[in-house]
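User: I am new to this structure and would like to learn how to read it. Please take me through some of its features one by one.

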Amino acid sequence: MIGKHDDGRRWSIGEVAQASGMTVRALHHYDEIGLLRASERTASGHRRYTESDVRRLYRVRALRSLGLSLEEIAGALKDSADDLGAMRDLLSAQLRGLEAHAGRIQQLTHQIRGLVGQLDKASTPDPDQFMTTLEMMSVFEATFTPEQREQLAQRRAELGPEAIEAAKTEWAGLVEELLRHTQDRTPFDDPRVQDLARRWDALADRFHAEGADGEQTKAAAQRMWDENSEEIGNTLPWPADRMRDLVRYLERAREAR
């Protein structure tokens, strides 16, 4: 996708969100802070991302994976060119990070294989071996960074048990209403659906920090659902396939705003 010529292809915000694993709301936030703005709009005002926009998003995500804050990323992109040399440097840095990650996976695989081997011999592994494995497993808690987990825990503590229980009850009611609209195929721009989507987002906002940090934890939560929807769905009182349909329905409702 890197080159001197634009072949004219364009992507909607929903297509970019699906391909990148981000939420539409996170992309809206990137637009608001000037980190990534769609270069074009349709006659009806819908965003259209160009190849240059997609390359910029890749650079944003790659720099984020290397641990930079959104503010630091904005500064880095401001001072760097969108050319083959800059992209090669970024890809090389990302590749080094992935190689290190692969090495840790191999080490963890070896460690767990050793534990299984000892159990096969009817011998209980030494507690230190379990501790080492636990320490290594923590490296792969990749859905949320330690800072993000701390932010979420702090927000829950600020809300308190009663507010959390009230939010759970409210959320269950929203699920039931949205499932009915999903089953009835109510249009995404129907005022009732739009109101439910706004209430859903407002409820979720209570559990996240404000600003860029909150948008990042929301995006991470979305990725966690995308990658583990079956397992998460099995813990809920509604069928997992219907919950997946509901989440997709919500995304389309947000796009229709």
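Analyst: What follows is a short tutorial, starting with the whole chain and moving on to single features. This is a predicted model, in which local features need pLDDT of at least 70 and side-chain atom pairs count only at pLDDT 80 or more, while totals for chains, interfaces and linings use all residues. Residues are numbered from 1 along each chain as its sequence is written, and side-chain values use heavy atoms, with hydrogens and water left out.

User: How many helices and strands does the protein have?

Analyst: Helices (H or I, at least four residues) and strands (E, at least two) are DSSP runs, numbered from the N terminus. The protein has 11 helices and two strands. Along the sequence their pattern is α-α-β-β-α-α-α-α-α-α-α-α-α.

User: What share of the residues of the protein count as buried?

Analyst: Buried means under 20% relative accessible area, exposed over 50%, and partly exposed in between (1.4 Å probe, protein chains only). By that cut-off, 34% of the 257 residues are buried. In helix 2 (residues 24-32), the buried residues are Val24, Ala26, Leu27, His29, Tyr30 and Asp31. Ser20, in helix 1 (residues 13-20), counts as buried at 19% relative accessibility. Contact means heavy atoms within 4.5 Å; leaving aside neighbours within four places in sequence, Ser20 is in contact with Leu57 and Arg61.

User: Which residue other than glycine has a positive phi?

Analyst: Most residues other than glycine have a negative phi. Arg185 has a positive phi, near 55°. Arg185 sits in the loop between helix 8 and helix 9 and counts as exposed, at 72% relative accessibility. A glycine case is Gly34, just after helix 2, with a positive phi of about 80°.

User: How many aromatic pairs are there?

Analyst: Rings of Phe, Tyr and Trp (its six-membered ring) pair if their centres lie within 6.5 Å; planes under 30 degrees apart count as stacked, over 60 as edge-to-face and the rest as tilted. The count by this rule is three aromatic pairs. Trp171 and Trp238 make an edge-to-face pair, 5.6 Å centre to centre with 85° between the planes. Trp171 lies in helix 8 (residues 161-184) and Trp238 in the loop between helix 10 (211-233) and helix 11 (240-255), so this pair ties together parts 67 residues apart in sequence. Trp171 is partly exposed at 27% relative accessibility, whereas Trp238 is buried at 10%.

Phe188 and Tyr249 form a tilted pair, 5.2 Å centre to centre with 55° between the planes. Phe188 lies in the loop between helix 8 and helix 9 (191-205) and Tyr249 in helix 11, so the pair joins parts that are 61 residues apart in sequence. Phe188 is partly exposed, at 26%, and Tyr249 is buried, at 6%. Ring pairs also link Trp171, Trp200 and Trp238 into a cluster.

User: At what angle do the axes of helix 9 and helix 11 cross?

Analyst: Two packed helices are described by the angle between their axes and the distance between the axes. Axes are lines fitted to C-alpha atoms, for helices over the stretch in contact, with angles from 0 to 180 degrees between N-to-C directions. The axes of helix 9 and helix 11 come within 10 Å and cross at roughly 105°. Angles under 35 degrees count as roughly parallel, over 145 as roughly antiparallel, 65 to 115 as roughly perpendicular and the rest as oblique; helix 9 and helix 11 are therefore roughly perpendicular to each other. Residues making the contact include Trp200 of helix 9 and Tyr249 of helix 11.
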